[in-house]
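Here are a few exercises to work through with the viewer open. Try each one yourself before reading its solution.

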Amino acid sequence: MMSDTTMLSELAIATRQRRTFAIISHPDAGKTTLTEKLLLYSGLIRTAGMVRGRKGGKTTASDWMGMEQERGISITASAMQFPYKGTVINLLDTPGHQDFSEDTYRTLTAADSAIMVIDAAKGVETQTRKLFAVCRMRRIPVLTLINKMDLPGRPPLDLMTEVEQALSIHASAVNWPIGSGSDFVGIVTRADSRVQLFSKTMHGGSTKVETDTLPLTELGAHSRVSEEMLAQVQHDLELLDIAGNPFTREDFLNGEVTPVFFASALTNFGIESFLDAFVELAPSPGARSADRDDGTELTVDPIEMPFSAYVFKLQANMNPKHRDSTAFLRVCSGRFQRDMVVKHHRLGRDIRLARPHSLVAQERSTVEEAYPGDIIGIINPGVFAIGDTVSLTGGFNFKPLPQFQPEIFARLRPTDVGKRKAFDKGVTQMAQEGTVQIMRSLHDQEILIAAVGRLQFDVLQYRLRQEYRVETILDALPFSCSAWLDGDPSTFKSPSASMMVKDQRDRVVVLFGDQLMKTIARDRNPDHVLREMG
Ligand code: G4P
């Protein structure tokens, strides 16, 4: 038996080692490639090119639905855990492409920091913008990686300006590229003026890159650096010193500044120093706020408080053979042990957390213990809903997860009216699980379904067919954005092509044909507030 003090310090050490984060990016910016390089530099894989699941045809553990296999995409977010230079990384997967959904957003609530990957040729794209907005609202610190520097891209200074303007955040360059496109040969770290020059290996980016380190003052003497490249770097660095933003870790942790790095995930140029900076800068799990039963607020310290966690994602039928469903919990405090009996706050009863598993490099394995920041998957015998809190002590609930602004809307009905009951039951169940949001129109109480991504509708229809034996017809509605309305709905001046509805919690939501309509509505209704998150 270990003494209490040994246990505590073990918990403190494990917590401080954790880095739980998500990668936010637009499809094709390089998220999968970067993930693979993390595994390469962690020593978990020797050569990159093995874990690509998405397009390469190799199936992943999260390929759980027939539909998913048909399309070759992975639908719900999962987590990977692996060691990296003295830290323990928990990387949450945030699905993109057509599988972009509320799960992608909710996953960010379980992250302590995020890496924003931007394609150097494309700059800040829509999906990145949306995910960044969630990080901003949750005050999650963000590191920026400008990727694909080995391809012709936009000038680095332009990209810095774009990050600042598009996302309204200060950007501070930690390193600067030397050359670009096929001439991208290295980076300068601004803090110590040290240069790293990279050499392409025989194996391309599948093995670690060879690096020469030298002081900036010796860069001109190097044969691979032309006079023009040197002049450009010197010019840019001088400009940054005069006009650039200062960087402090405190501002970063408060979400006020994003440190910017330049790299090429494909060739590994600049990747290791980026990852090293990431583990140094990114926070370990911190305290989270919760509500006590008496209505007062509680700060749940990850080390001081015994085990607690909340459900941020449910995944149905992950294993087609067993048709089971998995609840993903983020550990917020204390040490988790397999088969622990905890208090389920919403249900007001004790439950045993049996058969926990984690996904390590996409292999499912049983978890014996877990620490703050870790993600555990529990086979869910229908007891968990999104946002549920479990804890050893009981008596509190973590703050409810926000609902995210849906962007697609539809009417849904069963093809066979005789199946109405099963239909209602299925839709209600799936709205509780967070697959879709249900809304009702204000004037005739008609049921509408709403989602962030089209795939949520497909999942809903698929599951209604598989689990409730109900075939459905979906009529898309001509709205593309929405907002929660604060203020009296009867005095709200609706623009054309808009509609007022109520959500599951009886709050008024306005649906708009497009963003312009929303802007017009804001201008016309200065006494009302249109919120992006509910
Ligand atoms: P994603 O997960 O964000 O969607 O992007 P992913 O890593 O799959 O990268 C998208 C494409 O961009 C891939 O090429 C990948 O090889 C390439 N890529 C990623 N990082 C870099 C980089 O730093 N430099 C260059 N030149 N390319 C990069 P693909 O042809 O679509 O796929 P594949 O055939 O390589 O698998």
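**Exercise 1: Around helix 5**

Work out which elements cover the buried residues of helix 5, and where those residues sit when you look down the helix axis.

Solution. Keep in mind that this is a predicted model.

- Start with the cover: it includes strand 1 (18–25), helix 4 (102–109), strand 4 (113–119), strand 5 (142–147) and helix 6 (156–167).
- Now get the helix itself on screen. Helix 5 runs over residues 126–137, twelve residues in total, and spans 17 Å from first C-alpha to last, close to the 16 Å expected at 1.5 Å a residue.
- Pick out its buried residues, using under 20% relative accessible area as the cut-off. You should get Gln127, Thr128, Leu131, Phe132, Val134 and Cys135.
- Look down the axis of helix 5: the buried residues fall within an arc of 155 degrees, so they line one face of the helix.
- Finally, step just past the end of helix 5, where arginine 139 has a positive phi of about 55 degrees.

**Exercise 2: The ligand and its shell**

Find which residues come nearest to the ligand, and how much of the ligand's exposed area the protein buries.

Solution.

- The shell has 17 residues, and Asp28, Lys31, Thr32, Thr33 and Asp150 come nearest.
- Sort the shell by element. Helix 2 (residues 31–42) gives the largest share, with three residues.
- Next, go through some polar atom pairs. A polar side-chain atom of asparagine 147 is 3.1 Å from a ligand oxygen. Polar backbone atoms also show up: one of alanine 265 lies 3.0 Å from an oxygen atom of the ligand, and one of leucine 266 lies 3.1 Å from a ligand oxygen.
- Then the area: on its own the ligand exposes 710 Å², and the protein buries 73% of that.

**Exercise 3: Two positive phi values**

Aspartate 339 and arginine 469 are next. Say which loop holds aspartate 339 and which holds arginine 469, then decide whether each is buried, partly exposed or exposed.

Solution.

- Aspartate 339 has phi near 70 degrees, a positive value in a residue other than glycine. Its loop sits between strand 16 (336–337) and strand 17 (341–344).
- Relative accessibility of aspartate 339 is 34%, so this residue counts as partly exposed.
- Arginine 469 isn't a glycine either, yet its phi is positive at about 55 degrees. Look for it in the loop between helix 11 (454–468) and strand 28 (472–476).
- The relative accessible area of arginine 469 is 58%, so it is exposed, the cut-off being over 50%.

Note on methods. Residues numbered from 1 in each chain as written. Predicted model: local features only at pLDDT ≥ 70, side-chain atom pairs only at ≥ 80, totals over all residues. Heavy atoms only, no water. Helix = DSSP H or I, 4+ residues; strand = E, 2+ residues; numbered from the N terminus. Expected span 1.5 Å × (residues − 1). Buried < 20%, exposed > 50% of the residue type's maximum accessible area, 1.4 Å probe, protein only. Arc of directions from axis to C-beta. Contact = heavy atoms within 4.5 Å. Near = heavy atom within 4 Å. Polar contact = N/O pair within 3.5 Å; in protein donor to acceptor, adjacent residues only side chain to side chain. Areas by Shrake-Rupley, 256 points an atom, 1.4 Å probe, with all protein chains shown as cover.
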